[in-house]
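Good morning. I have one structure to go through today, and I will start from the middle of it. Please have a look at the sequence and the model first.

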Amino acid sequence: MKRATPFTVASFAGVVLAAALAGLPPQPARAAPLPAAEQFAQAAAAAGDNLSQPFAVIDKTAARLYLFDGKGRMTASSPVLLGLARGDDSVPGIGTRPMADIRAEERTTPAGRFNAEPGTNTAGEDITWIDYDAAISMHRVRATNKSEQRLQRLASATVSDNRISYGCINVPVAFYDRHVKPMFASRGRAVYVLPEVASLDARFPFLRAAGN
């Protein structure tokens, strides 16, 4: 059997995506290309990987969170803050270490498919757990350290300054309360974090299956 060709976010609209989207209504001939996150969402829904449930896609290269309904239609999106360091994996055991002991190069937002669940942090704040063992969550942005300028980073038009966190996904407060919290009040809904180093099909097996 011929192996599917690996692809990245930049080359996402290829053979694997075409296969995953089989049966969906075609885009208008002159429509602008969909962002990578929307293309991915349609592929996930077409493959049934989201189990027909609403889900989220986080595009790290765009520093943006996208929310979708069970059929892969976008319902809302927002800029977010992400881990300072480039990379797609959490350091083993990082979830048990004090934040003061985490080096800059270890502050990554891991890529992959995660089953989110509502929870609370040590301060009693309600959050959405992405990877509990690695202590990675989506939560409202906190502006307690003024020198980090997290609110200004979220409001800026650039992407490079959105890398500041220890790995968690920082969401604007109003967006979190209006969209994220209600969507993930139910356990087990998927959050897909797109990789920035690895290929997409290396992280998401349903894409490889669609390309066979």
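In what sense do β5 and β11 pair, and over how many bridges? They are antiparallel, and four bridges hold the pairing. Before I go further, please keep in mind that this is a predicted model.

One pair in that stretch is worth finding on your screen: Arg-113 has Tyr-192 of β11 as its bridge partner. Now look at the other neighbour of β11. Strand β1 is joined to β11 by four bridges, and these two run parallel. Here Val-57 has Tyr-192 as its bridge partner.

Now the whole sheet. It is an open sheet of five strands, in the order β3-β2-β1-β11-β5, and the pairing is mixed. Why do β3 and β5 each have one side without a neighbour in the sheet? Because β3, residues 74-79, and β5, residues 112-115, stand at the edges, and each has a single partner strand. From one strand to the next, the twist averages 20°.

At the β3 end, five bridges join β2, residues 64-68, to β3, and the two run antiparallel. Tyr-66 is bridged to Ser-77 of β3.

Next, the helices on this sheet. Helix α2, residues 36-47, lies across β1, β2, β3 and β11, and runs at about 145° to β1. Helix α4, residues 173-183, also packs on the sheet. Helix α4 touches β1, β2 and β3, and its direction makes about 50° with that of β2.

Back to β11. Is this strand largely enclosed or left open? Five of its five residues are buried, so β11 is largely enclosed by the rest of the structure. Both of its faces are covered. Ala-190, Tyr-192 and Leu-194 are on one side, Val-191 and Val-193 are on the other, and all of these are buried.

That takes us to the cores. The largest nonpolar core has 26 residues. Those touching the most other members are Leu-65, Leu-67, Met-138, Ile-169, Val-180, Phe-184 and Val-191. Which element supplies the largest share of this core? That is α4, with four residues.

Take Val-191 as an example. Leaving aside residues up to four places away in sequence, Val-191 touches nine residues by my list: Ala-56, Ile-58, Gly-112, Arg-113, Phe-114, Ala-116, Ile-130, Met-138 and Phe-184. Apart from the core just described lies another, of 16 residues, with Phe-68, Ala-190, Tyr-192 and Leu-200 among them.

Tyr-192 comes up once more, with the aromatic residues. It belongs to one aromatic cluster with Phe-40, Phe-55, Tyr-66, Phe-68, Phe-204 and Phe-206. Over the whole structure, a search finds ten aromatic pairs. One of them is Trp-129 with Tyr-132, an edge-to-face pair at 4.9 Å centre to centre, with 75° between the planes. Trp-129 counts as buried, because its relative accessibility is 14% and the cut-off is under 20%. Tyr-132 is exposed, with a relative accessible area of 57%.

Last, the overall numbers. The protein has six helices and eleven strands. It has 212 residues, and 47% of them count as buried. Of the contacts between residues at least 6 apart in sequence, 60% join residues at least 24 apart. The accessible surface is about 10800 Å², with 55% of that belonging to carbon and sulfur atoms.

That is all I have.

How values were computed: Residues are numbered from 1 along each chain as its sequence is written. This is a predicted model: local features need pLDDT of at least 70, side-chain atom pairs count only at pLDDT 80 or more; totals for chains, interfaces and linings use all residues. Side-chain values use heavy atoms; hydrogens and water are left out. Buried means under 20% relative accessible area, exposed over 50%, partly exposed in between (1.4 Å probe, protein chains only). Contact means heavy atoms within 4.5 Å. Accessible areas come from the Shrake-Rupley method with a 1.4 Å probe; for residues, only the protein chains shown count as cover. Two strands pair if DSSP finds at least two bridges between them. Axes are lines fitted to C-alpha atoms, for helices over the stretch in contact, and angles run from 0 to 180 degrees between N-to-C directions. A nonpolar core is a set of buried Ala, Val, Leu, Ile, Met, Phe, Trp, Tyr and Cys residues joined through side-chain atoms within 4.5 Å. Rings of Phe, Tyr and Trp (its six-membered ring) pair if their centres lie within 6.5 Å; planes under 30 degrees apart count as stacked, over 60 as edge-to-face and the rest as tilted.
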